[in-house]
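Let's take a walk through a protein together, starting with a small detail and then stepping back to see the whole. Keep the picture in view as you read.

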Amino acid sequence: MYNPTVARLTYRALLGRRRALILFLLPAMLLLISAAVRALNGADDQVAADVLGGFALATMVPLIGVIAGTGAIGPEIDDGSIVYLLSKPVKRPSIIFTKLIVAIAVTMVFSAVPTFLAGFILNGNGQQVAVAYTVAALVASIAYSALFLLLGTISRHAVVIGLVYALVWEALFGSLIEGARTLSVQQWALALAEKVTGDGLVTSEVSLTTAVVLLSAVTIAATWFAGFKLRRLKLAGEE
């Protein structure tokens with residue numbers, strides 16, 4: 001189902017000059033913050049977990065997911081250029097699957113890699129903090145990419161809605177309000193991070209089994225529905 005031509009066009013759109021600047025900005029901020037915290041506080045496992053949890057996982061990963069997920073298809077739908085792709089002999093589920101793979105890859109590279117590096121800067125991976133949050137960033141990248149790809153397929157205001165979700169629900173409600181935590185990708189990802197550290201340094205409101213089930217269900221459901229919406233998108237002349 002993976003289409004190299006669709007992938008190449010999607011990578012080119014996502015890594016254009018404007019989006020690339022935004023994609024590099026957030027990881028650069030994380031690394032600068034981590035270096036400053038290490039210089040001021042030294043190597044501290046709890047501080048490292050707080051920085052990676054509070055900025056990397058709660059803010060940076062969902063924001064990069066918004067950029068990659070919505071950017072993989074939203075602009076093509078908004079400006080109408082998607083019709084040229086849909087007119088080609090490429091199955092529409094293949095288009096969605098390929099764009100999802102590209103969005104996941106971009107989100108992982110720009111979120112999981114800097115999270116790993118930041119963890120080493122903060123405390124040298126003491127208590128496996130760097131590895132734990134890298135795992136969390138990797139799995140969160142998959143779910144966010146699927147969710148925001150779906151959003152880009154169904155709404156012309158996908159970026160705005162995605163930013164509200166990332167900054168309000170994930171970064172604020174998902175961290176502070178108890179009832180909202182169960183429905184937070186951040187908390188599902190933290191369940192895997194908690195398993196890696198295993199010493200109470202990282203905690204999640206969701207059990208590991210529940211987290212894996214919800215991450216899988218959301219990713220599969222969002223991908224299927226995005227494909228469904230794209231199949232229903234009519235070209236000029238179609239009945």
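Which residues form one aromatic cluster with Tyr144? The partners are Phe148 and Tyr165, so to speak the other two members of the trio. Before going on, keep in mind that this is a predicted model.

Let's stay with Tyr165 for a moment. You'll find Tyr165 in helix 8, which covers residues 158–176. Is Tyr165 buried, exposed or something in between? With a relative accessible area of 23%, Tyr165 is partly exposed, because that class runs between the 20% limit for buried and the 50% limit for exposed. If you skip the neighbours within four places in sequence, Tyr165 is in contact with Tyr144, Leu147, Phe148, Glu170 and Val185. Two of those names, Tyr144 and Phe148, you have just met in the cluster. Now look for Pro62: along the sequence, Tyr165 and Pro62 are 103 residues apart, yet their C-alpha atoms are 8.6 Å apart in space.

Time to step back. The protein chain has eleven helices and zero strands, and reading along the sequence you simply get α-α-α-α-α-α-α-α-α-α-α. Its C-alpha trace spans about 65 × 35 × 30 Å along the principal axes. How does the radius of gyration agree with that of a compact globule? For 239 residues, such a globule would have a value near 18 Å, and the protein chain has 18 Å, so the two agree.

What about inside and outside? Of the 239 residues, 49% count as buried. The accessible surface comes to about 11,300 Å², and carbon and sulfur atoms account for 67% of that area. As for charge, the protein chain carries 17 positive and 13 negative side chains, with the centres of the two sets 16 Å apart. Contacts tell you something about the fold as well: among those with a separation of 6 or more, 76% join residues 24 or more positions apart.

Back to the rings. A search of the whole structure finds seven aromatic pairs. One of them is made by Phe24 and Phe110, whose ring centres are 5.0 Å apart and whose planes meet at 80°, so the pair is edge-to-face. Phe24 belongs to helix 2 (residues 17–41) and Phe110 to helix 6 (residues 92–123), so this pair ties together parts that are 86 residues apart in sequence. Which of the two rings' residues is buried, and which is exposed? Phe24 counts as exposed, at 53% relative accessibility, whereas Phe110 counts as buried, at 11%.

While you're at helix 6, find Met108, which lies there too. Met108 is partly exposed, with a relative accessible area of 23%. Leaving out its neighbours within four places in sequence, Met108 is in contact with Val113, Leu138, Ser141 and Ile142. Ala48 makes a nice contrast with that list: Met108 and Ala48 are 60 residues apart along the chain, and their C-alpha atoms are separated by 20 Å.

Follow the chain onward and you reach the loop between helix 6 and helix 7, where Asn125 sits. Most residues other than glycine have a negative phi. Asn125 has a positive phi of about 65° although it is not a glycine. Gln128 is in that loop as well, and Gln128 also has a positive phi, of about 60°, without being a glycine. In terms of cover, Asn125 is buried at 13% relative accessible area, while Gln128 is partly exposed at 37%.

Past the loop comes helix 7 (residues 129–154), the place of Thr153. Thr153 is buried, with a relative accessible area of 12%. Apart from its neighbours within four places in sequence, Thr153 is in contact with Ile73, Ile77, Ile96, Ala226, Lys229 and Leu230.

Let's finish with another threonine, Thr10, in helix 1 (residues 4–14). Thr10 has a relative accessible area of 1%, so Thr10 counts as buried. Beyond its neighbours within four places in sequence, Thr10 is in contact with Ala72, Lys99 and Val102. And Ile77, which you met as a contact of Thr153, is 67 residues from Thr10 in sequence and 13 Å from Thr10 in space, C-alpha to C-alpha.

Methods: Residues are numbered from 1 along each chain as its sequence is written. This is a predicted model: local features need pLDDT of at least 70, side-chain atom pairs count only at pLDDT 80 or more; totals for chains, interfaces and linings use all residues. Side-chain values use heavy atoms; hydrogens and water are left out. Helices (H or I, at least four residues) and strands (E, at least two) are DSSP runs, numbered from the N terminus. The radius of gyration is taken over C-alpha atoms; the globule rule is 2.2 Å times the number of residues to the power 0.38. Buried means under 20% relative accessible area, exposed over 50%, partly exposed in between (1.4 Å probe, protein chains only). Contact means heavy atoms within 4.5 Å. Accessible areas come from the Shrake-Rupley method with a 1.4 Å probe; for residues, only the protein chains shown count as cover. Lys and Arg count as positive and Asp and Glu as negative; His and the chain ends are not counted. The place of a charge is taken as NZ of Lys, CZ of Arg, CG of Asp or CD of Glu. Rings of Phe, Tyr and Trp (its six-membered ring) pair if their centres lie within 6.5 Å; planes under 30 degrees apart count as stacked, over 60 as edge-to-face and the rest as tilted.
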